[in-house]
Amino acid sequence: MNPLLREVLPALGLEPGYVAQRLDVRPGNALAAALPVGTLATGAVAAAALAGLALRSVPPGSQAPLPADARAHVDPRQVAVAFRNDQLQTVHGVREAGFAPLSGFFEARDGWVRTHANYPHHLDRLVRALGLPSSATREDAAAAIATRAAQDVEDAVTRDHGIAVRVRSLREWMEGEPAAAVDTHPLLAVTRLGHAPSRPVPERPRVLDLTRVIAGPVATRTLAYLGCDVLRVDSPRMPELTAAHLETDAGKRSTLLDLHDEHARRRFHELLDGADVLVTGYRPGALDAYGLEPRRLAQSHPQVVHAALSAWTPDGPWGDRRGFDSIVQAATGIALLESPDGSRPRALPAQALDHATGYLLAAGILAALRHRGATGGTWHVAAHLARTAHWLLRTDAVDVPAQPVRDPGPWLVRARTEHGTVVQARPAFELDGGRDRFAWVGKRWGGDEARWADVPQVSS
């Protein structure tokens, strides 16, 4: 059995015998890396597929069950295509670069740093911390960073609420306090927080999606693929990048709500009254002021499964830091382990921490819904990019030699959207007898897509 899948089975409430009977994993690996990324990716996808199968196999009276002998199918080639969608997706035949010019590795005076400046507000903070104008080019940033110590760059950008990290070795990372804090958390947590009556799983569980970029949206896209009614909610102050919106919001509807506004907060809590799941992907504590702290949610909305995603885990010296997959790779030692020469850092062949953590989070949500239907209770689910990185760094699994996918066509789909014709990867697994809900539903940001409560666009 896949070692990652074996580790999360207890959290999912599934037995090894169930896996043996219901999971079909094709042999192979299509993600070439020094670390066993193929094992990570396949195990996380298998976890979500099995959790979805288990939920859809509950007795009649809740969700429409699948056939009794239905199986989940995971093909490493399809997994690789799904995990590399940011490198494959096209809009009107054009492939957009996955990272902005000022995102990436830069050589400092005494090492390397990795920056993240894809979003305008992060770009503004980065150039300000580096003492550069808003019109700065990559060459300008490289010149500024080259004169400074890597730790100085990390500290300056972090103080300005931007995103940059010094590239660390595995040993250095594991000996530090941030890594010790990460190790206090399980790979996937599915925790009962309190008592609540059992609730049958509806045919289309309602999911409120407060996540951004890749990991969280991958989790909620997976839920949509499995039949959930997913409503993504973003702030009009920080709308999602178009490429990211297209990549991860298939099957969902979307709306804009400004939670700074009292009326918008009230409408959001009205949505929560009718929701089955809330998924949040902001930094720990960032949403507490809006009544969305886990313990408070357990009291105010005990029927809602709350799933939380973060980069670094909620505690420790880095608990409130911003982070993305690429940043976690650089900080934890992955980038140097993947180095072609032992000194120049290199990223994994896909944003595998994001995708794997997203599929794990989806698996935990599906398991929590099943638990809520069987025994009741208020449930909390948590996963973290850095904890996924620790699994990858510490596992003794070894991938079989990788054979890259030459033709991703069998696992790509085409959809017409208001942004143009989009070609993108399907989710990374298939279920026998499943109803394929992978289709573009959310046409644009706005209230007319928030139909379950007819929520208008509300902003201050």
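Is threonine 313 buried or exposed? In this predicted model, threonine 313 is buried, because its relative accessible area is 0%, and the cut-off for a buried residue is under 20%. Threonine 313 belongs to the loop that runs between β12 (305-310) and α15 (325-332). Its backbone also deserves attention: the phi angle is positive, about 85 degrees, although the residue is not a glycine. Most residues other than glycine have a negative phi.

Valine 213 provides another case of this kind. Its phi is likewise positive, at about 70 degrees, and valine 213 is not a glycine either. This residue is placed in the loop between β8 and α11 (215-225). Valine 213 counts as buried because its relative accessibility is 17%, where the limit is under 20%.

Strands β8 and β12, which border these two loops, both take part in an open sheet of 7 strands. The strand order is β7-β13-β12-β11-β8-β9-β10, and the pairing is mixed. At the edges stand β7 (189-194) and β10 (253-256); each has a single partner strand, so one side of each is left without a neighbour in the sheet. From one strand to the next, the twist averages 20 degrees.

The edge strand β10 can be followed to its pairing with β9 (residues 229-234), which is parallel and comprises 4 bridges. Within this pairing, leucine 231 stands opposite arginine 253 of β10. In a regular strand, side chains alternate between the two faces of the sheet. Helix α13 (residues 262-273) lies across β8 (206-210), β9 and β11 (277-280). Relative to β8, helix α13 runs at about 145 degrees.

A further strand pairing is found later in the chain. Strand β14 (residues 412-417) and β15 run antiparallel and are joined by 6 bridges. The connection between β14 and β15 is a hairpin through 2 residues. Across this pair, arginine 416 faces threonine 421 in β15.

Beyond β15 (420-425), the loop leading to β16 (430-431) contains arginine 426. Arginine 426 counts as buried because its relative accessibility is 13%, with the cut-off at under 20%. The side chain of arginine 426 makes a polar contact with the side chain of tyrosine 225, at 3.4 Å. The sequence range of α11 (215-225) ends at the position of this tyrosine.

The helices offer a separate view of the packing. Helix α17 (residues 352-375) meets helix α18 (residues 385-394), with axes that come within 9 Å and cross at roughly 105 degrees. This crossing makes α17 roughly perpendicular to α18, since angles of 65 to 115 degrees are classed in that way. On the α17 side, the contact is made by Leu353, Asp354, Ala356, Thr357 and Leu360, while α18 contributes Leu385, Thr388, Ala389 and Leu392. By class, this contact has 6 nonpolar, 2 polar and 1 charged residues.

Helix α4 (residues 76-83) shows burial at the level of a whole element. Of its 8 residues, 7 are buried, so helix α4 is largely enclosed by the rest of the structure. The buried residues of α4 are Pro76, Gln78, Val79, Ala80, Val81, Ala82 and Phe83.

Notes: Residues are numbered from 1 along each chain as its sequence is written. This is a predicted model: local features need pLDDT of at least 70, side-chain atom pairs count only at pLDDT 80 or more; totals for chains, interfaces and linings use all residues. Side-chain values use heavy atoms; hydrogens and water are left out. Buried means under 20% relative accessible area, exposed over 50%, partly exposed in between (1.4 Å probe, protein chains only). A polar contact is a pair of N or O atoms within 3.5 Å; within protein, one must be able to donate a hydrogen and the other to accept it, and residues adjacent in sequence count only if both atoms are side-chain atoms. Axes are lines fitted to C-alpha atoms, for helices over the stretch in contact, and angles run from 0 to 180 degrees between N-to-C directions. Angles under 35 degrees count as roughly parallel, over 145 as roughly antiparallel, 65 to 115 as roughly perpendicular and the rest as oblique. Contact means heavy atoms within 4.5 Å. Ala, Val, Leu, Ile, Met, Phe, Trp, Tyr, Cys and Pro count as nonpolar, Asp, Glu, Lys and Arg as charged, and the others, Gly among them, as polar. Two strands pair if DSSP finds at least two bridges between them.
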